[in-house]
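Trainee: I am new to this structure and would be grateful for a close look at its aromatic ring pairs. Please then explain how the parts of the chain around them are arranged.

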Amino acid sequence: MVENPENVELYQFMGKDNVPFHTVMFPSTLLGTGEKWTLMKSISVTEYLNYESRKFSKSKGVGVFGNDAKDTKIPAEVWRYYLLTNRPEVSDTLFTWKDLQAKLNSELLNNLGNFVNRVLSFIAKPKGRGYGSIVPDAPGAETHCLTKTLAEKVGKYVEQYLEDMEKIKLKQGLKTGMSISSEGNAYLQNTEFWKLYKEDEASCAIVIRTSVGLVYLIACLLEPFMPSFTMEIVSSFSLRLINLPWMLRIHFLQGKQDLDQPFSEIHMIFCVHCISFIFHAG
């Protein structure tokens with residue numbers, strides 16, 4: 001324990017069977033000393049995670065453990081994602097291989113992976129089929145109807161995400177972050193950017209530039225859950241990860257950005273709740 005209550009906020013994470021000792025007995029001992037120990041500010045307690053309808057038991061060989069997870073060759077980020085989406089925050093939850101596969105396919109691949117790939121691969125295509133790895137200008141984005149609608153939705157999701165994380169609702173925070181990816185996919189479909197590229201260049205530029213900002217926003221929001229994914233996105237833009245400044249003003253940087261060169265500054269347009277990013281070259 002640390003004797004620094006003025007400068008330290010102590011959060012503890014544990015299973016429900018450890019709660020009595022850490023919330024009553026141990027704090028009472030600290031108070032009994034008469035010294036200024038740092039006491040717990042908040043506690044995040046989980047119920048039980050069961051395995052295929054049975055309790056995990058290493059002695060009985062029931063469950064999947066660290067060495068087993070490693071032997072599967074499944075990427076660590078997949079494990080992190082699945083276990084956090086299945087975190088037993090309110091009641092006991094169940095680990096099943098079928099559910100793991102389903103979430104990998106429907107959520108990580110078809111939702112998140114699909115959105116990121118569609119945006120970045122389209123930009124990376126040579127001119128005439130894409131943007132030659134240059135994020136396009138997007139003047140007039142403030143008046144683009146579908147972009148404004150997206151901004152309003154994402155702004156609410158960001159507010160919800162911050163509230164979830166402050167309350168240590170990690171499972172809900174991850175779900176909220178992934179919902180933004182779903183909105184991104186819907187945005188691409190509704191705008192039909194592949195048609196706009198040939199028929200309305202200005203509108204297509206707005207959609208693509210906004211989508212790039214959305215990819216980076218999602219990467220930042222998911223960093224506590226899937227840090228390797230975030231760093232892959234950050235490296236794609238030759239940036240280093242920063243703490244997000246949440247701002248309520250509309251900004252949009254004019255000027256092209258080269259995906260192969262470090263960004264100095266980029267502002268992503270969001271009306272109502274505009275998230276303004278200040279990117280520093282890595």
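Mentor: The count comes to 13 aromatic pairs, and the model in which they are found is a predicted one. One of these pairs is formed by F21 and F26, whose rings are stacked, with 5.9 Å from centre to centre and 20° between the planes. F21 is partly exposed because its relative accessible area of 42% falls between the limits of 20% and 50%. F26, at 26%, is likewise classed as partly exposed. A second pair, F122 with Y197, is edge-to-face: the centres lie 5.4 Å apart and the planes meet at 85°. This pair links distant parts of the chain, since F122 belongs to helix α4 (residues 97-124) and Y197 to helix α7 (residues 193-199), with their positions 75 residues apart. F122 has a relative accessible area of 7%, which means that it counts as buried, the limit being 20%.

Ring pairs also build a cluster, whose members are Y51, F56, F65, W79, Y82, F95 and W97. One ring of this cluster has a charge placed over it: the charged end of K58 sits over F65, 5.6 Å from the centre of the ring. Another member, Y82, is in contact with T96, and T96 also touches E52, when neighbours within four places in sequence are left aside. T96 itself is found in the loop between β4 (93-95) and α4. With a relative accessible area of 16%, T96 is buried.

Helix α4, which holds F122, also contains V119. V119 has a relative accessibility of 1% and therefore counts as buried. Beyond its neighbours within four places in sequence, V119 is in contact with L188, S211, V212 and V215. V119 and T210 stand 91 residues apart in sequence, yet their C-alpha atoms are 9.9 Å apart in space. A general point about such helices is useful here: with 3.6 residues a turn, residues three or four places apart point the same way.

The loop that follows α4 leads to β5 (134-135), and S133 lies in it. S133 is not a glycine, but its phi is positive, at about 65°. It is also buried, with a relative accessible area of 14%. I168 offers a second case: it has a positive phi of about 60° and is not a glycine either. The place of I168 is in the loop between α5 (145-166) and α6, and with a relative accessible area of 9% I168 is buried.

Helix α6 comes next, running over residues 170-191. It has 22 residues and extends 32 Å from its first C-alpha to its last, close to the 32 Å expected at 1.5 Å a residue. Just after α6, E192 takes a positive phi of about 50°.

The other end of the story is the stretch of chain around F21 and F26. Strand β1 (residues 10-15) and strand β2 (residues 40-46) pair in the parallel sense, over 6 bridges. Within this pairing, M14 stands opposite V45 in β2. From β1 the chain crosses through helix α1 (residues 19-32) to β2, and the resulting β-α-β crossover is right-handed. As for strands in general, the side chains of a regular strand alternate between the two faces of the sheet.

T23 gives a view of how this helix meets the strands. T23 is found in helix α1 and is partly exposed, with a relative accessible area of 33%. Apart from neighbours within four places in sequence, T23 is in contact with M40 and I43. T23 and Q12 are 11 residues apart in sequence and 9.9 Å apart from C-alpha to C-alpha.

These details may be set within the whole. The protein has 9 helices and 6 strands. Of its 282 residues, 43% count as buried. Among contacts with a separation of 6 or more, 68% are made by residues 24 or more positions apart. The pair of F122 and Y197, 75 residues apart, illustrates a link between distant parts of the chain.

Definitions and conventions. Residues numbered from 1 in each chain as written. Predicted model: local features only at pLDDT ≥ 70, side-chain atom pairs only at ≥ 80, totals over all residues. Heavy atoms only, no water. Helix = DSSP H or I, 4+ residues; strand = E, 2+ residues; numbered from the N terminus. Expected span 1.5 Å × (residues − 1). Pairing = 2+ DSSP bridges. Right-handed = clockwise from strand over helix to strand, strands pointing away. Phe/Tyr/Trp six-rings, centres within 6.5 Å; stacked < 30°, edge-to-face > 60°. Buried < 20%, exposed > 50% of the residue type's maximum accessible area, 1.4 Å probe, protein only. Lys NZ or Arg CZ within 6 Å of the ring centre and 35° of its normal. Contact = heavy atoms within 4.5 Å.
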